[in-house]
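Got the viewer open? Here is a short walk through one model, with a suggestion at each stop for what to select next.

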Amino acid sequence: MRGPVQSGPKVHTMFRQAASRSFVRNTLAAQKRFASTKTIKEALQEVIPAKQEQLKALKKQHGQASLGEVKVEQVIGGMRGLKAMLWDASVLDPLEGIRFHGLTIPDCQKALPAAPGGKEIIAESMLWLLLTGKVPTEAEVRQLSRQLAEKGHLPSHVEKLIDSLPTSLHPMTQLGMGVAALNHDSTFAAAYEKGIKKSEYWTYALEDSLNLIAKLPALAARIYRNVYHPGRPLPSIDNNLDLVGNYANLLGYGGNHDLVEYLRLYISIHGDHEGGNASAHTAHLVSSTLADPYISYAAALYALAGPLHGLANQEVLRWQLNMRKELGDNITHEHIKEFLWKTLNSGQVVPGYGHGVLRNPDPRFIALQEFCDTRPELLADPVINLVKKASARTYEVAPAVLKEHGKTKNPYPNVDAASGCVLFHYGITQFKYYTVIFGVSRALGALTQVVWARALGLPLERPKSLSLDAIEKAIKA
Ligand code: AMX
């Protein structure tokens with residue numbers, strides 16, 4: 001097709017007219033198809049009444065039933081294992097890992113629609129599943145992609161804010177600021193100010209949440225551009241692309257199909273990890289004050305920015321690259337063992353290992369490793385080798401060392417052990433940016449539950465705290 005288009009103005013015009021007719025035909029066909037397809041709001045509206053009934057019955061019939069005792073070690077030990085919050089979309093089993101509405105990651109890889117020409121789960125499919133509990137059809141997902149793309153641009157005040165920040169400010173700090181500033185246009189906050197019924201809260205929370213998810217790629221990509229490629233023009237959003245396809249384009253990597261697919265997988269499977277993790281829990285807590293979804297998620301991003309949580313993916317790469325710098329490329333298991341002990345003996349944690357709940361290798365880590373297994377060029381990369389290759393995998397050495405060290409309850413890799421190395425291979429070498437990608441992803445699960453908390457009318461979160469003296473008194477009583 002390229003030859004005739006470039007051969008003369010007349011042919012060019014004819015081609016443009018034909019292309020435009022075919023575009024109109026395709027758009028009309030798409031509109032017709034979408035007209036008979038449920039929107040995500042309609043799909044959610046259908047499932048809300050049954051859940052409201054379930055909650056009402058549970059409260060009425062079993063409100064006083066016990067879910068277990070509270071131990072002193074839980075109160076002073078970061079509330080591990082304490083069953084204290086409602087989170088419907090995903091459940092984390094210590095041995096098996098995460099299930100999204102009952103589906104494991106491999107189940108999702110089989111059932112959830114991919115992008116046209118792609119194989120990996122896309123963010124819209126995961127969002128639909130998390131929010132409605134249903135596997136969407138391809139038409140539903142395409143419609144959602146278009147809906148998000150159409151809302152994807154940033155308001156000018158947020159562009160100006162981000163452009164005014166020093167490039168030395170951590171990208172996660174910038175992301176949280178941009179998300180908070182988007183609350184200028186919160187429909188929830190505006191409606192609340194006007195006065196709305198509690199039963200309508202969820203519709204505004206949904207509108208804000210979809211708007212925020214839609215705008216995250218443009219916001220996150222603007223931060224990347226400003227910090228690492230100042231002056232580079234940002235392409236406009238393509239209404240025919242999925243959320244992550246657009247994100248990759250805006251980052252400047254849209255032409256690399258494998259990276260786009262990796263980002264789709266990465267962003268879908270990081271989307272939710274039940275409710276107790278620090279970022280999800282923060283969104284839930286803040287939104288329980290009826291703060292709008294934007295500021296609730298901005299708060300969550302600052303929890304994600306801690307090195308024991310989402311920042312670990314940047315720390316893993318820093319640690320692996322230091323290992324390579326110190327030991328060179330011909331690293332043996334023995335070398336890795338020594339490096340691990342050096343880290344532990346200097347009082348630091350081994351980033352990418354251990355977990356607050358998991359007691360086995362993280363299935364998200366496994367899914368990302370399998371992505372590498374199908375691509376020989378990834379397996380040949382020395383940085384990925386450090387994590388993966390049979391002769392020198394950190395994974396093959398670290399669990400035994402951590403067991404011998406004897407502190408961590410889970411000596412196995414978590415998702416962060418591998419995720420950054422693949423980004424590094426594909427050219428996203430700026431590891432301070434990695435947690436931003438995690439932040440684009442975690443919005444799927446955290447905001448889903450903000451919407452459900454409003455649909456179920458959940459109250460202000462307010463647990464009881466105890467002083468040390470009060471704990472001692474309670475034990476003696
Ligand atoms: N390296 C060294 N020591 C570790 C360790 C690791 N990877 N993981 C846990 N430990 C230590 C803890 O620091 C703790 O030591 P302490 O008694 O001196 O305080 C002890 O082992 C017991 O900890 P635990 O009960 O096994 O873990 P936890 O629930 O308190 O913490 C986590 C979980 C993730 C914070 C911890 O494993 C850790 O710091 N890992 C490294 C950082 C990391 O990879 N974080 C990412 C987690 C996934 C995510 O949220 N993205």
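In which helix is Ser-287 found? Select that residue and you land in helix H14, which spans residues 278-287. Bear in mind as you go that this is a predicted model.

**Stop 1: Ser-287**

Keep Ser-287 selected and switch on a surface. With a relative accessible area of 1%, Ser-287 is buried, because buried means under 20% here. Now show side chains and look back along the helix: a polar atom of the Ser-287 side chain sits 3.4 Å from the backbone oxygen of His-284. Which residues does Ser-287 touch, leaving aside those up to four places away in sequence? Add Ser-296, Val-450 and Arg-454 to the selection.

**Stop 2: Leu-290**

Move along to Leu-290, in the loop between H14 and H15. Check the backbone torsions at this stop: Leu-290 is not a glycine, yet has a positive phi of about 70°. Most residues other than glycine have a negative phi. Is Leu-290 buried or partly exposed? Its relative accessibility is 24%, so Leu-290 counts as partly exposed.

**Stop 3: helix H10**

Next, select residues 187-194, which make up helix H10. Colour Thr-187, Phe-188 and Ala-191, the buried residues in this helix. Looking down the axis, you'll find that they cover an arc of only 95°, which puts them on the same side of H10.

What do the buried residues of H10 pack against? Bring up three helices: H11 (201-228), H15 (293-304) and H23 (434-455).

Have a look at both ends too. At the start of H10, a side-chain oxygen of Ser-186 comes to within 3.3 Å of the backbone nitrogen of Phe-188. Past the other end, H10 is followed by Gly-195, with a positive phi near 105°.

**Stop 4: the ligand**

Now centre on the ligand and show its surroundings. There are 20 residues around it, and those that come nearest are His-309, Gly-352, Lys-407, Lys-409 and Asp-416. Colour the shell by residue type and the split is nine nonpolar, seven polar and four charged.

Then zoom in on the backbone. Which ligand atom is 2.9 Å from a polar backbone atom of Leu-308? That one is a nitrogen. Val-350 also places a backbone N or O atom 2.8 Å from a ligand nitrogen. At Gly-352, a polar backbone atom is 2.7 Å from an oxygen of the ligand. Taken on its own, the ligand has 890 Å² of accessible area, and the protein covers 76% of that.

**Stop 5: His-101**

Head for His-101, in the loop between strand S2 (97-100) and helix H5 (105-111). Here is another residue other than glycine with a positive phi, this time near 45°. His-101 is partly exposed, with a relative accessible area of 28%.

**Stop 6: Ile-76**

Finish at Ile-76. Where is it placed? Look in the loop between helix H4 (72-75) and strand S1 (90-93). Ile-76 counts as exposed because its relative accessibility is 59% and the cut-off for exposed is over 50%. Before you close the viewer, draw a distance from Ile-76 to Val-135, which is 59 residues away along the chain. Their C-alpha atoms are separated by 40 Å.

Methods. Residues are numbered from 1 along each chain as its sequence is written. This is a predicted model: local features need pLDDT of at least 70, side-chain atom pairs count only at pLDDT 80 or more; totals for chains, interfaces and linings use all residues. Side-chain values use heavy atoms; hydrogens and water are left out. A residue is near a molecule or strand if one of its heavy atoms lies within 4 Å of it. A polar contact is a pair of N or O atoms within 3.5 Å; within protein, one must be able to donate a hydrogen and the other to accept it, and residues adjacent in sequence count only if both atoms are side-chain atoms. Accessible areas come from the Shrake-Rupley method with a 1.4 Å probe; for residues, only the protein chains shown count as cover. Ala, Val, Leu, Ile, Met, Phe, Trp, Tyr, Cys and Pro count as nonpolar, Asp, Glu, Lys and Arg as charged, and the others, Gly among them, as polar. Buried means under 20% relative accessible area, exposed over 50%, partly exposed in between (1.4 Å probe, protein chains only). Helices (H or I, at least four residues) and strands (E, at least two) are DSSP runs, numbered from the N terminus. The arc is that of the directions from the helix axis to the C-beta atoms. Contact means heavy atoms within 4.5 Å.
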